[in-house]
Amino acid sequence: MKYKRILPLILCCLFLSGCWDKVEIDRKIFITTIGIDLGEDAVNNKEAKEIKPNDPFQDRVSTKKLSITYSFPNISELGPGNTSTAEDKYISVDASSLEDGIVEATGRSSRSIYLGQTKLIILNSAILEHPEISKEILDYLERHPHLNKMMRIVVSDGKAEDFVKYQPTMEKSIENYLTGLMESSESNASILPVTLNEVIILLGQNGNAIIPKISMDREKKDIVLSGVAVIKNFKLKGFLTSEEVADLEIMRGKIKGGKRVIYMNGHPIDIDIEDVGRKLKVRGDKNKLQFYINCRLEGQLMEDFKGKEVMSKTELNSLEKNFSESISKECNIIAKLMQTEFQVDTIGLREQVEKYKPSLWNEIKDNWDEVFKNAEINVNVDVKIRRIGIIK
Amino acid sequence: MDEKKFVGKYGLFSTITVTVIGVGAFSYPSTMANEVGTDGWIVTIAAGLICLGVLLIIYKVVNKNEFMPFYDITTNTLGKFLGNIVILLLCVYFIFSVSIGMRIFVEVIKMNLLGKTPSEFIILVMIFTGLYLVRAEISALVKFNEISFIIMFVPMIIILLFSAKGGDVSNILPIMQHSPKEYLNALITSTYAFGGFEISFLILPYVKDRKEIKKTLISSMAFITIFYAGVVILCLMFFTKDHTKELIWPTMSLVRAIMIPGTFIERWEGVVMALWVFYYFTTFVNMFYFSSELIKESFKLDDIKVTSLILAPVIYLIALYPQNITEVYDMANRSTLFFVSLSFIFVPFILFVLKGGRKRGEKNEI
Amino acid sequence: MKEIIRDLISPKVDENITYIKDLLKDTSDIVYRQFNIADWKAAIIYIDGMADKVILDNFVLESVMLKSERVENVMQIKDNLLTVSDMRQVLKLSEGLNAVLSGDTIMFIEGLSALYVIASRAWPSRGISEPSGETVIRGGRDGFTETIRFNTALVRRRIRDTRLKIEAKTVGVRSKTDVAVLYIDDIVNKEVLDKVKGRIENIKIDAVLDSGYIEEFIEDNKWSPFPQMQSTEKPDVIAAGLYEGRVAILVDNSPFCILVPATLPSLFQTPDDYYQRWINSSILRLIRFAAIVLAMLLPPLYISVTSFHTSIIPTKLAYSIAASREGVPFPAFIETIIMEISLAFLLEAVVRLPKAIGSTIGIVGGLILGQAAVSAGIVSPIMIIILSITAISSFITPNYEVSSALRLSRLFLIICSSIIGLYGLAIGAIIILIHLVKLKSVGIPYLSPLVHPHKKDMKDTFIRAPISIFRTRPEFMEPKDKIRQE
């Protein structure tokens, strides 16, 4: 049949006409870090509000709401015969949205912008004070099909651009440095690794989240990753210091390492935390909720002072008791802080009620904020020192 | 080698399984989360049991009719005229669901793999490949299913198991929080995901060992149910029900989010995308074959090669008809009820109730 | 095309000789020896170079000429005088001439309207040596030669069963090549056997030069690049195949014997899988399987990952690839095609060259050319690595024809993936799979035992289970006698 001749012809035309998606790998820029700051017109949004959805030339509404910095490695430095890591280069643009930023950046670069390998987003904390803008940003991040949802996100204390351009001493780029820091949260409890996916899920549930914070130490020209920013309803509510974060982690049952110290007779006694177990109990009714958080902390004694024998049951017990009391009191204070000042449930109490007492949850869910504020939270931390090192 | 009866236990098992599990597997957890929140897996198991029941009825029908081909069974039971109408309606259902599936498939490919390639091209490639397989006989189809089963499920299950690490089992709670009406709606939607088992009508006449059929049908239905329920549970565990509701293709996002430390491939979505092609292709080509076969019998054409060439442009046109992705799902949802009742309830029950032979007393159907 | 020879044998020797001389004029290697046996005239005709003169001189002529007083009439000559072990009486002249042209000697005796064919075939033949294409680490090193009778003997040594049948056929109108069909009567699948025999009988070509011709005539699908029969030079492979219920075809002048039917998994097995320890063999088989998959998928994966979906690979790897590709003028697709073509050139050249130079050129070509190409900036170093891994993996295939087929499939996948990335790769793989699934080797599905699987057949596919487990023969062959071991 004549089909047999026409078919291959059609096929040839189809196959040879184009490879539509082909972009050679060396024509791509791999963006590793995105830093988002507020632009000039962030506050002044009048023009955008007055325009109607079907007006022409909407592109010209150039409210420069955001100022975005993209950093990417200089790939030619990675070629054969060269050193292993590359220097970073930057593109800074002003844009009205994240997508607009990509378009502007493309207009300024000779290669195509590729977001598939982005590892870090730095948000200026000032952005979080404008919930409208932060909602827009988060929608873009969620909706983009190619963004790596396991990337890290941090909040910066100050201009994100400075952080993006910062050159840490230990690594070649800030993204490596921060990622490394977060991964070493094993030994430092005050660092809280958070991926974009987790933030999206948390925000999706009730608009609340905690995101780690970075700040720059002006004199030593150093970046410190400590503390978290607490967000309620897409708006920045406040910051927690690193010690507070450690306590929060204990209450959440997620702490992986770190140290605690008590002073005895002027000497610091340190234990290294190895593990934590947490049990949550909910009692009471919709008028007065009572939460009981029982944490068991396992640790190893790291530093005492010479001249004292620790290897005795009574001695160890008294140390444990002191630790327990001290940490319990701390946690109770932090919990109260969460209730009164921040009014954000970061411990996971809401989920507990929803999952295990669904009927109770149905009653209080519309009134959760009030109920949470008036609830009674009792934290009890039980410290167990399992090991004391190799000397008595 | 008896050309007539060549389908073994594994052939039957794999054919039913790969035909049923298709593109739906990727969006299924989201639909369930939207309807019944965390109870998706319970509804899935219930739907699986119902479909198992229907499948066994189909088996009984085929058995009673001496394992004749489907076309003969229907025309014998309902008479030529009514039989032909029912068959044509069924073909419309198959072709329609396959075309909608094709469009969904293309949209996902464009979203994840190829942004700029024209949809027409992607569809054409798929249709041509399907034509290539349909033009071989049915034994090639079954053999292809047998191999595809291994290729599709072994990597997928391994990858999915790794995702359990990042999830939180308690995210499945609370359970049983919804009204019976919601459960019923969810049940109907869920059974639609099990569509495709009608392929057993096509395959059963060729099965070698008739004694083991019941066991095989049960095991294939069990596998499908466990797979769907497992995927729902994993998505809930990882994303919690609120986020799962928002995602269009939660299974794909789940795979995206998996990190298996120390492996060469960092992001598994590429592998899963390649496997996704197999998922859709098996569903597509089996239904395509069945419909071509039925049309061939119905219009007394000689060769399945001709009917498949006729059906191909139909699929192409229907696949391109919806204007955007929301329209696609809209069309799919609206037609669900009609087609589900036709295929799941009407056909098997009628053929069961009206025993083969000349016209018996008219029993009231729907 | 068929030659016309008369059938009638004249009782007069001279007449026969004249006729034959006339028929075979201008052939200088035919010898006509006329002599007397007592009072009767006689003559022998043979071809110089093909007949064994020792037999003729010592055992035919000597006894016939010197001891002729023992017989009284012509009839008794063959019983009492012809001291040769292999002779027969033939009544058609054409048959006799065919015998002469095959290397036998024919004898005419005055008064006899028949002729005697004396088996005297002996020609210079290559000795038994290890087949160069199928070297083994453990196992016999004898290989077939070009003489069909020696080959059947080699197989017989391994199957001393009365049920081994060797059916002789002649194929080729002019070449009249001897073809032997071997099978074990109570194991073989009768349908397969009948099909094979029927197809051989339908061959009407003038000359069959090698078993390859026969293979092409009797295979199911000539358009497929995949071989549907296994050809081997090793008698133990043939014997093993016969024990499984297959049919073997030996063709004169060819050391390559054909085993039919063949399935793709069986083409990936080597004989020393069975002679070495089973755990080691199983691991080797898995490695082989992984290498083949790698060889097929690596270049297309490289193209799709670098040109289309860069998000799949780890970041550091993406950087390395991007850095190494900077400055390379060709896109990844063209690079791959260039390297595929040069690999093909290199392989062909190495095969044609004499052995000593061949390996050197291989090293020169591979190493230096590759290095130079990278330095010149024509290809990226990543490409060279991919190429070498692919090449090495493709050599693991034991069967040369299969590896050519795999090379073609790889080319196809490269083209597919260069058009639409991973989707193209998946569709290409599906197309190849469909093709393999449709393929049959004399009625047996080509991918058995992966399709229509029988549980028991799995013990010999991906691994090699211990021989004590081999109780039944492979079920997909549907042999008559299923029990192998008690």
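Helices (H or I, at least four residues) and strands (E, at least two) are DSSP runs, numbered from the N terminus. By that count, chain C has 16 helices and twelve strands.

This is a predicted model: local features need pLDDT of at least 70, side-chain atom pairs count only at pLDDT 80 or more, and totals for chains, interfaces and linings use all residues. Residues are numbered from 1 along each chain as its sequence is written, while chains are lettered from A and ligands numbered from 1 in the order in which they are written.

**Stop 1: all of chain C**

Select chain C. Its C-alpha trace spans about 100 × 55 × 40 Å along the principal axes. The radius of gyration, taken over C-alpha atoms, is 29 Å. The globule rule (2.2 Å times the number of residues to the power 0.38) gives 23 Å for 486 residues, so chain C is more spread out than a compact globule. Buried residues (20 or more other C-beta atoms within 10 Å of their own; exposed is 12 or fewer, partly exposed in between; C-beta atoms placed from the backbone) make up 40% of the chain.

**Stop 2: where chain C touches chain B**

Now show chain B as well. Here 26 residues of chain C are in contact (C-beta atoms, placed from the backbone, within 7 Å) with 29 residues of chain B. Helix α16 of chain C, residues 400-438, gives the most to chain C's side, with 13 residues.

**Stop 3: two helices side by side**

Select α6 of chain B, residues 119-134, together with α16(C). They pack at an angle of about 10°, their axes 10 Å apart. Axes are lines fitted to C-alpha atoms, for helices over the stretch in contact, and angles run from 0 to 180 degrees between N-to-C directions. That makes α6(B) roughly parallel to α16(C) (angles under 35 degrees). Pick out B:Ile122, B:Val125 and B:Tyr132, among the contact residues of α6(B). Across from them, α16(C) offers residues including C:Tyr423, C:Ile427 and C:Ile434.

**Stop 4: unusual backbone in chain C**

Most residues other than glycine have a negative phi, and most peptide bonds are trans. Go to C:Pro261, in the loop between β10 (257-260) and α9 (264-267). The peptide bond from C:Val260 to C:Pro261 is cis, with omega near -10°.

Next, C:Ala38. Its phi is positive, about 50°. Look for C:Ala38 between β1 (30-37) and β2 (40-47), in the loop. C:Ala38 is partly exposed, with 16 C-beta neighbours inside 10 Å.

Last, C:Val442. Its phi is also positive, about 45°. This loop runs between β11 (440-441) and β12 (444-445). Is C:Val442 buried or exposed? C:Val442 is buried, with 22 other C-beta atoms within 10 Å.

Terms used. Two residues are in contact if their C-beta atoms, placed from the backbone, lie within 7 Å. Angles under 35 degrees count as roughly parallel, over 145 as roughly antiparallel, 65 to 115 as roughly perpendicular and the rest as oblique.
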